[in-house]
Amino acid sequence: RNYQYKTGADSLFIFYFAGHGYEKKEGKQNSYYICPYNFDPQNLFTTAINLFELKQKTASFNCKHVLF
C-alpha cells in the first residue's frame, strides 16, 4: 500500500508484527526477514519481507516518527 502518501508532517507511523524472523547468511553480510506463517526459506523474495527494504521504504514517509 502507499501509506507514505497518507502521512503528514505530524504523523506517527507504527509498524507492528507478531511472528517469526529469518536470518539468511550471504557471505560476510546477513539479510534479515519478517516471515509470515507460510513463508518459504527457498523463496524469501516473494514469501517474506526484507527488513532492509522495509526500513528504506518507510524512511521516505513524510512522518514525524516511524516506529518498529
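**View 1. Ser31, a buried residue in strand β3.** In this predicted model, Ser31 has a relative accessible area of 14%, which is under the 20% limit, so the residue counts as buried. Its place in the chain is strand β3, which covers residues 29–35. The side chain of Ser31 makes a polar contact with the side chain of Glu26, at 2.8 Å. If we set aside neighbours within four places in sequence, the residues in contact with Ser31 are Tyr22, Glu23, Lys24, Glu26 and Asn50. Three of these names, Glu23, Lys24 and Glu26, are worth keeping in mind for the next view.

**View 2. The two salt bridges of the structure.** Which side chain meets that of Glu23 in a salt bridge? The partner is Lys25, with an N to O distance of 4.0 Å. Glu23 is partly exposed at 39% relative accessibility, while Lys25, at 65%, is exposed. The other pair is Lys24 and Glu26, whose closest N and O atoms are 3.8 Å apart. Here Lys24 is partly exposed, with a relative accessible area of 34%, and Glu26 is partly exposed too, at 37%. Glu26 links this view back to the previous one, since the Glu26 side chain also makes the polar contact with the side chain of Ser31.

**View 3. A nonpolar patch on the surface.** Leu12, Ile14, Tyr16 and Leu67 together make a nonpolar surface patch of about 470 Å². Where does Tyr16 sit? Look for Tyr16 in the loop between β1 (12–14) and β2 (20–26). Tyr16 has a relative accessible area of 69%, and because that is over 50%, the residue counts as exposed.

**View 4. Cys35 and Cys63, two buried cysteines.** Cys35 is buried, with a relative accessible area of 4%. Cys63 is buried as well, at 18%. How many disulfides does the structure hold? The count comes to zero, the rule being a pair of cysteine sulfur atoms within 2.5 Å. As a reminder, a disulfide is a covalent bond between the sulfur atoms of two cysteines.

**View 5. Leu51 in helix α2, with its contacts in strand β3.** Leu51 lies in helix α2, which takes in residues 51–59. Is Leu51 buried, partly exposed or exposed? At 31% relative accessibility, Leu51 counts as partly exposed, because the value falls between the 20% and 50% limits. Leaving out neighbours within four places in sequence, Leu51 is in contact with Tyr32, Tyr33 and Ile34. Ser31 gives a handy link to the opening view: the C-alpha atoms of Leu51 and Ser31 are 7.8 Å apart, although 20 residues separate the two along the chain.

**View 6. Lys6 and Phe39, a pair to compare with Leu51 and Ser31.** Lys6 is found in the segment before β1. With 71% relative accessibility, Lys6 counts as exposed, because the value is over 50%. How far apart in space are Lys6 and Phe39, C-alpha to C-alpha? The distance is 29 Å, for a separation of 33 residues in sequence. Set beside this, the C-alpha atoms of Leu51 and Ser31 are 7.8 Å apart at a separation of 20 residues.

Key
Residues numbered from 1 in each chain as written. Predicted model: local features only at pLDDT ≥ 70, side-chain atom pairs only at ≥ 80, totals over all residues. Heavy atoms only, no water. Helix = DSSP H or I, 4+ residues; strand = E, 2+ residues; numbered from the N terminus. Buried < 20%, exposed > 50% of the residue type's maximum accessible area, 1.4 Å probe, protein only. Polar contact = N/O pair within 3.5 Å; in protein donor to acceptor, adjacent residues only side chain to side chain. Contact = heavy atoms within 4.5 Å. Patch = residues over 30% accessible without salt bridge, like charges linked within 9 Å, V, L, I, M, F, W, Y side chains within 5 Å. Areas by Shrake-Rupley, 256 points an atom, 1.4 Å probe, with all protein chains shown as cover.
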